[in-house]
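Reader: I am new to this structure and should like to understand the terms used for it. Could you take me through them one by one?

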Amino acid sequence: MKIGVYPGTFDPVTQGHTDIIGRSLRVFDRVIVAVALNPSKRPLFDLAERVEMVKLVTKNLAHVEVEAFDGLLVEYLRQHTAHAVIRGLRAIADFEYELQMALINRKLDNNFETVFLMPSEEYSYLTSSIIKEVGGLGGSLKDFVHPEVADRLRQRLRRPSA
Ligand code: COA
């Protein structure tokens, strides 16, 4: 039983994240999406809301669990007897940061690997910040996030329709 942990802030979860979760099920028997508290990013949605939205978009996927997480990632992997960290690699710009994270995690605990998956090209330019910006300016969110996530974003950003 190979267990992968997909960590992130998910503020909010996008179609790009969902694409990575789907792909990771081809590699792992069980995938745990670990929604990080990450106060340094000053998320728009609180942790419970972010967990709820990831649960919503993955509700039809068997073998996916969603949990809140705070603390050291390698400690979380140890606690969950996981084998690897899953990260999406969208563009060359992601590489340096991802390499740094993977190497720090390896230094902290050499028992885990980081597995990078490429999202579908249509999502390769997405970030949660850009979606919040588009939503805040009243742009259409339909190609980027689940409809219910779009509704919640609009409510939070107080835009009547987009
Ligand atoms: N589709 C769309 N967007 C994607 C994406 C995809 N496939 N993959 C990443 N992104 C976006 C995210 O939405 C996010 O956008 P934002 O910056 O606008 O919010 C950005 O790319 C990268 O963020 P994310 O994937 O959420 O990761 P993160 O950098 O916020 O999270 C943690 C990093 C939480 C995984 C990391 O800080 C961590 O492991 N923390 C635990 C503490 C620890 O162990 N630290 C030491 C090791 S680093």
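Author: A nitrogen atom of the ligand is found 3.2 Å from a polar backbone atom of Gly16. The model is predicted, so local features need pLDDT of at least 70 and side-chain atom pairs count only at pLDDT 80 or more, while totals for chains, interfaces and linings use all residues. Residues are numbered from 1 along each chain as its sequence is written, and side-chain values use heavy atoms, with hydrogens and water left out.

Reader: What makes the approach of His17 to the ligand a polar contact?

Author: A polar contact is a pair of N or O atoms within 3.5 Å; within protein, one must be able to donate a hydrogen and the other to accept it, and residues adjacent in sequence count only if both atoms are side-chain atoms. A polar side-chain atom of His17 lies 3.3 Å from an oxygen atom of the ligand, so the pair meets the 3.5 Å limit. For Tyr97, an N or O atom of the side chain is 2.7 Å from a ligand oxygen atom.

Reader: How much of the ligand does the protein bury?

Author: The ligand taken alone exposes 920 Å², and the protein buries 84% of that (areas by the Shrake-Rupley method with a 1.4 Å probe; for residues, only the protein chains shown count as cover).

Reader: Why is helix 1 called largely enclosed?

Author: A residue is buried under 20% relative accessible area, exposed over 50% and partly exposed in between (1.4 Å probe, protein chains only). Helix 1 (15-24) has 7 buried residues out of 10, so the rest of the structure largely encloses this helix. Among the buried residues are Gly16, His17 and Asp19. Helices (H or I, at least four residues) and strands (E, at least two) are DSSP runs, numbered from the N terminus.

Reader: What caps the N-terminal end of helix 1?

Author: Thr14 does, with a side-chain oxygen 3.1 Å from the backbone nitrogen of Gly16.

Reader: Why is Asn38 called partly exposed?

Author: Its relative accessibility is 26%, so Asn38 falls between the two limits and counts as partly exposed. Asn38 is in the loop between strand 2 (30-36) and helix 2 (47-57), and has a positive phi of about 40° although it is not a glycine.

Reader: Is His63 buried or exposed, and how do you know?

Author: His63 has a relative accessible area of 55%, which is over 50%, and therefore counts as exposed. His63 lies in the loop between helix 2 and strand 3 (64-69).
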